[in-house]
2 protein chains.
Amino acid sequence: MGAKGPTLHQVADRAGVSIATVSRVARGLDHISAETRGRVLAAIDELNYRPSHFGRALVKRRHGTLGIVFPGLRGPYYAEVIHGFEVEAVAAGMSLLILGTELLPNADTQVLGMADRADGLAVMGGTIGDDLIQRLAARGVPIVTMARPQLAGIPNARVDNYASTLALVTHLIQYHGYDRLEFVGNIMGAPDAVERWRGFVQAHLDAELTPPDEPLSSAYEQASGVQAALRVLDLARRPRAVVCGNDEIATGMLSTLAASGVRVPDEIAVTGWDDGPFARYATPPLTTVSQPARALGQQTARTLLVLIERGESIEHEVVLTTEPIIRASCGCPFDPATGFTMANGDRNPFKEGAPIDELIEADSTANTRHREIALTGG
Amino acid sequence: MGAKGPTLHQVADRAGVSIATVSRVARGLDHISAETRGRVLAAIDELNYRPSHFGRALVKRRHGTLGIVFPGLRGPYYAEVIHGFEVEAVAAGMSLLILGTELLPNADTQVLGMADRADGLAVMGGTIGDDLIQRLAARGVPIVTMARPQLAGIPNARVDNYASTLALVTHLIQYHGYDRLEFVGNIMGAPDAVERWRGFVQAHLDAELTPPDEPLSSAYEQASGVQAALRVLDLARRPRAVVCGNDEIATGMLSTLAASGVRVPDEIAVTGWDDGPFARYATPPLTTVSQPARALGQQTARTLLVLIERGESIEHEVVLTTEPIIRASCGCPFDPATGFTMANGDRNPFKEGAPIDELIEADSTANTRHREIALTGG
DNA sequence: CCGCACACTGTAAACGTTTACGGCGAGCGA
DNA sequence: TCGCTCGCCGTAAACGTTTACAGTGTGCGG
């Protein structure tokens, strides 16, 4: 037990050759006589030799590892992003080092530590400060950011939060005629969220409505959603629709409203963001915005991979498209059996008022549907 | 960019000392004169020196890394387990190497590869074959299994699937009087699921009912839940209750039944497993079983850590308790506002028929509530 | 028969640490 | 003054690879 595995030397001794030869055979190089190769292979097999990652990494100066930094590990969104990232990483023969900074005060140290055990880093949204990111980049650590605005000189992958929120809220205002809405979510430290808020505000301006002064602040979990629902119910003037920063908030909102006897969407409409796994199965089925979380992870990994490959820093930016998924919680008629909004007539709900069925369901090929908006190689 | 950072040698040159001294200063060891230390520290700072993980790892023969292998990365359950694992890992100063074998055919190779870049491995349920696990253990790789039955000589952490399923189904049969039930889930390759099925069957036998011959096979996702629901509705004799293998299946089931005009729980009762984040907010709120997923991850990490520490193999087994969470989908009256099942009288629903409120809600301290059943240190 | 190309293999120097060991002063007791 | 201890620091040998370079032997053309 705990055997420290045989080394090149032991194999070499047993096969009666030098370590260089064993190394070559182990890596499957040419210019080895069939006979020698046989002997070495046999020795490798008998001793159960496996090349040491330590030795290899030291001389190649490569960890063979990609690092990814998240604010937290929970929630379907992060899971999906990580999954996409992981797929690309293993496809490239890299391992995945993961770090959730959660509420740890020493997050910066953790990230620093990760930086010198990975060949490159991907960092999510509002995880660590811009200064740290810049410092790492300056130190020569390949680093790419995701789910946040671009940082000068640092490759970035993100999702378009503004346009589809604008479209969604316009749908609520123009098509459904709702005139008083609330936005619930926490703007601070969540770059994605401020863009959503911006879209929310703009939709009001477009319709010559005055938006609320500020969002109803809330963390992005169900429990916070129920808190928010309680506050909404306490409002002097109840909103006609509540635009939630993500699906979890919307879910908490939905169930709390229902429990309070408020009919959704008849009295208050509710929307989410993410189109997570449960959105479709909520009651009523949740109108939300689908974002290509997995593709985001994949794009980030790919960018990081080429960044590492080149050694030099590159200018690279990817923006993936998102789209409103119209179900029932906004007030549209929706048939859960088919997954289609049931309405006839015009195809553009944002202008003329009729829901469009192309927008309805994110299918399994959703990732490929999200077009890459901008991509400037360095 | 891409600078290969300064080494001990460069710092030593600059400070006019030997590399040994720099190494000692860098690690904060004693027996260094204040003056020398100052010079070295200055040099370190000026050159922006950071010790190379490569060199360190090579001589210490330690990666400083824990590996964790999963069948997949998605779903709240896995996310929670990983999170627990990660918390313990970073607390011990270890990084987390993660691998989702998904559907990859070369999973074994991947795991092998991970084995020699981590100081120890944790592998989840039905991810890789028993033989591979044994082989790794024999090779001296610290390895612990989780969410599966114990393997001889290999530390294991799991959750009690049998008892609480038995309790839950007994509740359905004895308290609610349901006499015809179905179980939906996939037994194959999911060690946890077979235990749940076993509890399901036993509850029937205890009540002198004949259980169905086999589970309604289904993957553990919402989409599979809707498929299963469709099959349930097609059954010649509809069940009075459907026990689902996890919350996702139950969710798909719930929404599909509702969409088909079947009233839950009045016509068909539904239960889940996991008590995931959405269970409480489903319509109707889902009766399910709470398992301490995060604690499972933590326990596994801790076990792995001591296994690595000792070097020798240890005998260790942890079984965490689970508990039925009675909400409304089983037919109990439930007040979503308070989170309490509304019923009076007896405190044990499984024997006498009255729901018990202690069982009702898993709160944020849930993890600590789950007692460690067995723990035999080696 | 000589020399050269070529296929194969060995030698040794990296890669960047940690650490056992030894050297060198200074201080101090005898 | 001698010698011992002790604090400080340097030397050098690991750790397990990869790889430039040098060697060996064989075949073959001239």
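Start at the salt bridges across the interface of chain B and chain A. The rule finds four of them, a salt bridge being a side-chain nitrogen of Lys or Arg within 4 Å of a carboxyl oxygen of Asp or Glu. Select B:R74 and A:E80: they form a salt bridge, with 3.4 Å between the closest N and O atoms.

This is a predicted model, in which local features need pLDDT of at least 70, side-chain atom pairs count only at pLDDT 80 or more, and totals for chains, interfaces and linings use all residues. Residues are numbered from 1 along each chain as its sequence is written, chains are lettered from A and ligands numbered from 1 in the order in which they are written, and side-chain values use heavy atoms, leaving out hydrogens and water.

**The protein–protein interface**

Stay between chain B and chain A. There are 24 residue pairs in polar contact, both residues at pLDDT 80 or more. A polar contact is a pair of N or O atoms within 3.5 Å; within protein, one must be able to donate a hydrogen and the other to accept it, and residues adjacent in sequence count only if both atoms are side-chain atoms.

Now color the side of chain B that touches chain A by element. α4, α5 (76–91), β2 (95–100), α6 (107–115), α7 (130–138), α10 (222–234) and α11 (247–259) of chain B each supply at least two residues. Helices (H or I, at least four residues) and strands (E, at least two) are DSSP runs, numbered from the N terminus. By class, this side of chain B has 24 nonpolar, 19 polar and 13 charged residues. Ala, Val, Leu, Ile, Met, Phe, Trp, Tyr, Cys and Pro count as nonpolar, Asp, Glu, Lys and Arg as charged, and the others, Gly among them, as polar.

Select the whole contact next (heavy atoms within 4.5 Å). Chain A and chain B each put in 56 residues. The area buried between them is about 5,200 Å², and carbon and sulfur atoms give 61% of it. Buried area is the accessible area (1.4 Å probe) that two parts lose on being put together, summed over both. Show B:F54, B:F278 and B:Y281: they supply 16% of the area that chain B buries against chain A, more than any other three residues.

Then pick the two β2 strands. β2 of chain A (residues 95–100) and β2(B) pair in the antiparallel sense over three bridges; strands pair if DSSP finds at least two bridges between them. A:L97 has B:L97 as its bridge partner.

**DNA strand C**

Select the residues near strand C, those with a heavy atom within 4 Å. Of the 29 around it, A:T21, A:T36, A:R61, B:S23 and B:R56 come nearest. Sugar and phosphate make up 69% of the strand C atoms within 4 Å of the protein.

Zoom in on the phosphate oxygens of strand C:
- A:R61 places a polar side-chain atom 2.3 Å from one.
- A:S18 has a backbone N or O atom 2.8 Å from one.
- B:Y49 has a side-chain N or O atom 3.0 Å from one.

α4(B) gives the largest share of this surface, five residues.

**DNA strand D**

Move to strand D. Here A:S23, A:R56, B:T21, B:T36 and B:R61 come nearest, out of 29 residues around the strand. Sugar or phosphate accounts for 70% of the strand D atoms within 4 Å of the protein; the rest belong to bases.

Look at A:S23, whose side chain has an N or O atom 2.3 Å from a phosphate oxygen of strand D. For A:R27, also through the side chain, the distance is 2.8 Å. A:S52 brings a polar backbone atom to 2.9 Å.

Finish on α4(A), which gives the most to this surface, with five residues.
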